[in-house]
2 protein chains.
Amino acid sequence: MPEYNAPLRDMRFVMDELLDMTGSYAAYGLEDATPDLVSAILEEGAKFTNQVLSPLNRTGDEEGCHIENGVVTTPKGFKEAYQAYCENGWGSMTASPEYGGQGLPSSLGLIIAEMVASANYSFSMYPGLSHGCAAAIAAHGTQEQKDLYLSKLTPGTWTGTMCLTEPHCGTDLGLVKTRAVPQADGTYKVTGTKIFISCGEHDMSENIVHLVLAKLPDAPAGTKGISLFIVPKFLPDANGEVGERNSLVCGSIEHKMGIKASATCVMNFDDATGFLIGDINKGLNCMFTMMNHARLGTGMQGLCHGEASYQSALAYAKDRLQMRSLKGPAAPEKAADPIIVHPDVRRMLLTMKAFNEGNRALAYYTASLLDQAHYASEEARADAEAQLAFLTPICKAFMTDTGLEATLLGQQVFGGHGFIREWGQEQQVRDCRIAPIYEGTNGIQALDLLGRKVLGSQGKLLKAFTKQVHLLCKEVEGNAAFGEYAKKLAQLNAQWGELTTSVGMKAMQNPEEVGAAAVDYLAFSGYVVHAYFWLKMALVAQAKLEAGSTEVDFYKGKLATQAFFYQRLLPRAQAHAEALTAGASSLMDIAVEQF
Amino acid sequence: MPEYNAPLRDMRFVMDELLDMTGSYAAYGLEDATPDLVSAILEEGAKFTNQVLSPLNRTGDEEGCHIENGVVTTPKGFKEAYQAYCENGWGSMTASPEYGGQGLPSSLGLIIAEMVASANYSFSMYPGLSHGCAAAIAAHGTQEQKDLYLSKLTPGTWTGTMCLTEPHCGTDLGLVKTRAVPQADGTYKVTGTKIFISCGEHDMSENIVHLVLAKLPDAPAGTKGISLFIVPKFLPDANGEVGERNSLVCGSIEHKMGIKASATCVMNFDDATGFLIGDINKGLNCMFTMMNHARLGTGMQGLCHGEASYQSALAYAKDRLQMRSLKGPAAPEKAADPIIVHPDVRRMLLTMKAFNEGNRALAYYTASLLDQAHYASEEARADAEAQLAFLTPICKAFMTDTGLEATLLGQQVFGGHGFIREWGQEQQVRDCRIAPIYEGTNGIQALDLLGRKVLGSQGKLLKAFTKQVHLLCKEVEGNAAFGEYAKKLAQLNAQWGELTTSVGMKAMQNPEEVGAAAVDYLAFSGYVVHAYFWLKMALVAQAKLEAGSTEVDFYKGKLATQAFFYQRLLPRAQAHAEALTAGASSLMDIAVEQF
C-alpha cells in the first residue's frame with residue numbers, strides 16, 4: 001500500500017528560499033501567520049494527511065461510492081475522516097473569521113490543500129467544492145445569504161457544489177436548459193437536469209448547498225441569459241438550521257475511470273426552491289469567481305498525482321533489483337543492482353522530479369499572487385490580478401499535462417507491477433486523467449491564454465511576465481555556471497514575443513489562427529515559465545552551497561534537475577513553436593469527409 | 001456502446017497500393033492466397049469482429065475474469081466467441097497445413113489479428129498467446145512434440161502460454177528460480193512460481209500448454225542456464241488426448257488497470273511434469289523465437305486501440321454540438337456547431353489519424369518482411385531478417401507510445417464523457433497502457449535498437465534502411481508538391497546517421513551513453529520512419545488523384561494528413577535529437593541521495 005509523505009523540505013524551499021512567503025505575510029500585516037504557526041500547521045498537515053487520508057486512498061478507489069434510492073454513501077472511513085478534517089480546522093483555514101474561519105492566507109491554504117489532495121484526491125474534492133461554493137457566496141451573496149450559508153460552509157457542517165454542466169452542454173454554457181421561474185415570495189422554482197456534479201450527493205454533511213446555473217423564462221439567448229441560484233438540499237429553517245427537504249434528487253452516479261471515491265452525480269431539480277445570487281442574467285460572472293480559484297486547484301491536481309507517483313517510483317527504483325549497471329555491479333553483494341542505476345530509469349525519475357518541482361514553484365508563486373491581490377496596496381493588487389489572469393490557464397493546463405506525463409512515467413518505472421492495482425501507480429494515472437479535461441479542458445485554457453489574456457490585452461499581460469524573465473536573464477548572463485542557461489532562456493523569451501506577434505497578425509485575417517495555435521502556444525509558454533523558475537531555483541541552490549550549507553544533497557539535486565530540465569525537456573519548446581507556426585491551414589484545409 | 005468497424009479501405013490502401021501484398025503472394029507461389037480469397041477473408045473478418053467480438057469488449061471489461069478454487073471463468077460470451085473464432089478458422093490461417101492450418105502468409109494473418117485485437121483486445125490475447133506457443137514448438141520441438149501439440153494448438157482445441165516472469169524477475173530472466181529436476185523417464189519435475197501469465201488459466205479450451213523457463217539443478221548462473229519446458233495443464237494420454245491433471249494450479253489472478261477480460265495469472269508449479277523443448281540451457285533462444293513475433297503483435301496493440309479510439313472520437317466530433325465556428329455558424333440550423341469545426345479538435349483527430357495510418361504502413365511493411373523471410377530467395381530472406389531485426393523494436397515501442405498518445409487524445413475529444421466508462425474511450429486508454437510495458441518495456445526495446453541492432457551491427461542495419469530513405473528522397477527532390485518534404489526527410493535521415501556515430505563514439509568511452517540515449521534515439525527513429533512512410537503514401541495518393549480517381553476525399557485526406565504530420569508532429573524529432581545529445585552526464589551525475 002503506497003503511502004504519501006508531504007515533501008516538507010521541498011515545500012519550505014519554495015515557500016521560504018524562493019518566495020519568502022512568511023516575509024510577505026508579515027509585510028501584509030497578517031500577524032497570526034507567524035513563522036512558528038506556519039511551521040506547526042505544515043507539520044500537523046503532513047501528519048494528518050499521512051495518517052488519516054493516505055490510508056483511505058486505495059480502499060476508496062476499490063470501494064467507490066454507492067447509491068440507493070438517491071442516497072449516496074461514500075467509501076468506508078471517508079465520513080469519519082471528513083469529520084476529523086473539519087474538527088482540526090483544515091477546511092476553515094483561509095475563511096473569514098467573521099464566519100468562524102482562521103483568516104490565514106490563500107497561499108498557505110493551497111499548500112495544505114496540496115497535502116490533502118496528494119494523499120487522497122477523491123477526498124479532497126468534497127471540501128474543495130465547498131470552498132468554491134463559499135467563495136461565490138462571499139463574493140456575490142447578500143449579507144443574509146452570507147450570514148446563513150457561510151456560517152455553515154466554513155466549519156464544513158454543510159458542503160457545497162457547482163452545478164453547471166447539462167447533458168448537451170459543458171463548455172458551451174449558453175445552451176443551458178435548466179429553468180428558474182420567479183415566485184411571488186421572491187424565490188424561484190428551479191427545474192432541470194445537471195450532470196457531472198462532483199460531490200452532488202453524499203453522506204458527509206448535514207446539508208448540501210448547490211449553486212445552479214439556470215435561465216429565467218424571458219432570459220436572452222446564450223450566456224447573457226444565465227442566472228445563478230442557491231438551491232440547498234434541505235431548505236434552511238427560520239433558525240438557519242436544516243429544514244424541509246427540497247425537491248431535488250441525485251438520479252445516479254457515474255462509473256468513471258478514476259477519482260472513484262468522489263461521487264459524480266446526475267442531479268435532477270424538479271421545481272426545487274432556489275434563491276437568486278448576484279444579479280439576474282449575470283450568473284456566469286458569479287461562476288467565474290469560483291472558476292479562477294478552481295482552475296489553480298485543478299492545476300494542483302497535476303502536481304499532487306505527480307508527487308505521489310514520484311514518491312512511490314523513487315522508492316521502488318531504489319528497492320527493485322534487476323540487471324547490472326553497465327559500468328559493472330553497483331551492489332555486488334546482491335543478485336542484481338537496484339534499477340535506479342540504469343540511465344533510462346533515471347531519465348524517467350528526473351522528468352517527474354523536474355515537472356513536479358517546476359510545478360510547485362509555479363503554483364506557490366501563483367498562490368502568493370492571490371495573497372498579493374488580497375492584502376497588498378492597490379497598485380500591487382492590480383499587478384497581481386493581471387499576473388493571475390495570465391498564469392491561471394498555464395497552471396491549469398501545463399500542470400495537468402505534465403502531471404499526467406509524470407504519473408505515466410511513474411507507472412512505467414514499476415514495469416508490469418505498474419499495471420497492477422495493488423501497487424497504486426495505475427490509480428495515480430486514472431485519477432490524474434480527469435485533470436486535463438474538467439474545469440475547462442486544456443484546449444479551452446489554451447484559447448483563454450492566447451485569445452483572451454495575451455492577444456486580448458494586446459500583449460500587455462505577456463509583456464509583464466517576459467519582462468521579469470528578461471531581468472533575470474540580464475542578471476545572470478555573466479554567471480559562469482548559469483550564463484549559458486540564461487542565454488537559452490533569453491532566446492526563448494524573445495521568441496515567445498515573436499510567436500505572439502506572428503499569430504496575432506495572422507489572426508487579424510483569420511480568427512481560426514488563434515484556435516489552431518493555442519495548445520502548442522500554451523505548451524511553449526509552460527516550458528518557458530518552468531525554465532524561468534528552474535533558473536531561479538538553481539540560483540538559490542547555488543548560493544546556499546556557496547554559503548556552506550550542509551544540505552549538500554538537497555541543493556545538488558536541485559542543480560542536477562535544473563540542468564536536466566534545460567538539456568532534455570526544454571528542447572520540446574521548439575517543437576511546439578514549429579508546430580504552431582504551421583498555422584490554421586494545417587488543420588482547416590482538410591474537409592470533414594476527408595477524416 | 002462503441003462499435004468497431006474494420007477500416008477496410010485503409011487496410012487495402014496499404015496492402016495493395018503501398019505494398020502490393022497480393023502481388024508478392026503470387027510471386028512467392030502462394031497459389032491459395034488469390035486476390036479473391038484475400039478479399040473474402042477481409043470481408044468476413046470485418047463482419048466477424050464487428051458482430052461477434054466488438055459487442056463483448058465493454059461487457060468483458062465490466063465483468064472481468066473470475067477465479068474460484070483455481071478455476072478461472074472468462075466473461076460471459078467469451079467462450080462461445082472463442083468457439084466461433086476457432087470454427088471459422090481464424091486461428092489457423094497462418095499455421096502449417098500439416099497440422100490443419102491454412103498456410104496463408106503472416107502478413108494476412110497480421111491484418112486479421114488487427115481486426116480481432118481492435119474489436120476486443122482482451123479476447124485477442126487468448127489466441128495470440130497460443131500462436132506464440134505454437135511458433136516456439138514448431139521451431140524447436142521434436143517431431144513427436146510437433147505432431148502432438150501443433151495438431152491441438154492449430155485448431156485452437158488447446159491453447160498455450162509463455163511462462164517467463166517471476167515475482168523477483170521480469171526483464172532480468174537470468175534470475176529465474178523455477179527448478180526443473182530430470183527424471184529417469186526423460187521428463188522433468190518443474191517447481192516454481194510464475195507471475196503475469198496471460199491466459200494462464202481459463203475456461204475456453206480443453207487444455208493449456210504452458211511453455212516454462214526453468215533451471216536445471218546444475219545449470220550455470222544467469223541467462224546461460226535457462227531451459228524451456230512444455231508443461232501442459234493436462235498430460236496428454238497415449239492417444240494425444242487430454243489425460244491426467246498435471247500438478248500445477250492458478251493461485252490467483254491479478255486486478256489490473258485494463259485488459260480485464262484477459263486472465264493474468266499467478267501459476268504455481270509443484271513438481272509438475274515437464275518436457276524439455278530445444279536444448280538444455282538454450283531456453284532463452286527458444287523464447288526469443290516467440291518474442292520477436294510477439295513484439296510486432298504488441299506494437300499492433302498501439303494501432304488497434306488508436307484506431308478504435310479514433311473511430312469513436314471522429315463520430316463524436318461530428319455529432320456533438322458545442323460552440324460556434326470562429327468563422328461564423330457552420331450549422332446555423334442547429335443550436336451549435338459540431339465540434340469538428342474547432343481547430344483544436346481537428347488537431348487531436350489529425351494526430352490520431354497520422355499516427356494510426358503511419359503505424360499501419362509500418363506494421364504491414366514489417367509483416368511483409370515476415371513473408372519475405374519465409375518465402376523469398378535466400379538472399380532476399382537474409383535481407384528481410386536484417387530489416388526485421390531493425391524494425392521490430394521500433395514497431396513495439398513507437399507504435400505503442402504513439403498509440404497511447406492517440407487514445408489519450410481520443411478520450412480528450414469526448415470532454416467529460418471521455419472519463420465515463422459507458423462511452424468506452426477510457427477503456428481504450430486503460431487497455432492500451434500495458435502495451436509500452438510488457439513484452440520488454442519500451443526502454444528495453446530502445447536498448448535493443450540502439451545497442452544490439454544499430455551499434456551491434458556497426459551501423460549496418462541502420463544503413464540498409466537509411467539507404468531506402470535516401471533513394472526515396474532523391475526520387476522526389478524535384479517534385480513540385482513534395483520536394484520540400486523530401487528535403488526535410490533527407491536532412492533528418494542524414495542526422496540519424498550522425499547521431500548514431502556520435503553516440504557510438506561516446507559509448508566507446510562510457511557504456512552508459514547507450515542507455516542514456518536509447519529512448520530518445522528510438523523516438524527520433526520512429527518519427528523518421530513514419531515520415532518515410534507518409535511521403536510514400538502521399539506519392540501514391542497524388543498519383544491516384546492525377547490519374548483521375550473518383551475517391552477524391554480518401555486521397556485528399558491522405559495528402560492533408562501527410563502535410564499535417566510533417567508540419568506539426570515531425571518537429572518533435574529535433575527535440576528528441578537534442579535531448580539525446582545531452583549524453584549520460586545529464587542522467588548519471590546526480591547521486592541516488594540527491595533524487
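**Exercise 1. Find which elements of chain B the buried residues of α8(B) pack against in this predicted model.**

*Solution.* Start with the helix itself: α8 of chain B covers residues 143-153. Taking buried as under 20% relative accessible area, you should list B:Q145, B:Y149, B:L150, B:K152 and B:L153. Next, look at how these residues are placed around the helix. They span an arc of only 160° about the axis, so they sit on the same side of α8(B). A reminder helps here: an α-helix has 3.6 residues a turn, so residues three or four places apart point the same way. Finally, collect the partners. One helix, α7 (121-140), is among them, and the strands are β3 (158-163), β6 (207-215), β7 (226-232), β8 (234-236) and β11 (264-277), again of chain B.

**Exercise 2. Strand β11(B) came up among those partners; work out how β5, β7 and β10 of chain B pair with it.**

*Solution.* Take the strands in turn.

- β5 (residues 188-198) runs antiparallel to β11(B), with eight bridges joining the two. To fix the register, note that B:K189 faces B:T273 of β11(B).
- β7(B) is also antiparallel to β11(B), over three bridges. Here B:L228 has B:I277 as its bridge partner.
- β10 (residues 248-253) is linked to β11(B) by five bridges, once more in the antiparallel sense. In this pairing B:I253 lies opposite B:C265.

**Exercise 3. Turn to chain A and describe the span that UniProt annotates as "domain: Acyl-CoA oxidase/dehydrogenase middle".**

*Solution.* First locate the feature: the unreviewed UniProt entry places it at residues 162-271 of chain A. Then check the secondary structure, which comes to 47% strand and 0% helix. Last, compare the two ends: their C-alpha atoms are 18 Å apart.

**Exercise 4. Determine how chain A and chain B are related, and characterise the contact between them.**

*Solution.* Begin with the superposition. Chain A falls on chain B after a rotation of 180° with 0.0 Å of shift along the axis, at an RMSD of 0.0 Å. That is the relation of a two-fold axis.

Now ask which surfaces meet. Of the interface residues of chain A, 100% are also interface residues in chain B, so the copies meet through the same surface. Each side is easy to tally: 90 residues come from chain A and 90 residues from chain B.

Then turn to area. About 7800 Å² is buried between the two chains, and carbon and sulfur atoms give 62% of it. On the chain A side, A:F419, A:R568 and A:F595 supply 11% of the area buried against chain B, more than any other three residues.

Note on methods. Residues numbered from 1 in each chain as written. Chains lettered and ligands numbered in written order. Predicted model: local features only at pLDDT ≥ 70, side-chain atom pairs only at ≥ 80, totals over all residues. Heavy atoms only, no water. UniProt positions renumbered as here; feature names shortened; annotations may be inferred. Helix = DSSP H or I, 4+ residues; strand = E, 2+ residues; numbered from the N terminus. Buried < 20%, exposed > 50% of the residue type's maximum accessible area, 1.4 Å probe, protein only. Arc of directions from axis to C-beta. Contact = heavy atoms within 4.5 Å. Least-squares fit on C-alpha atoms with pLDDT ≥ 70 in both. Pairing = 2+ DSSP bridges. Buried area = accessible area lost by both parts, 1.4 Å probe.
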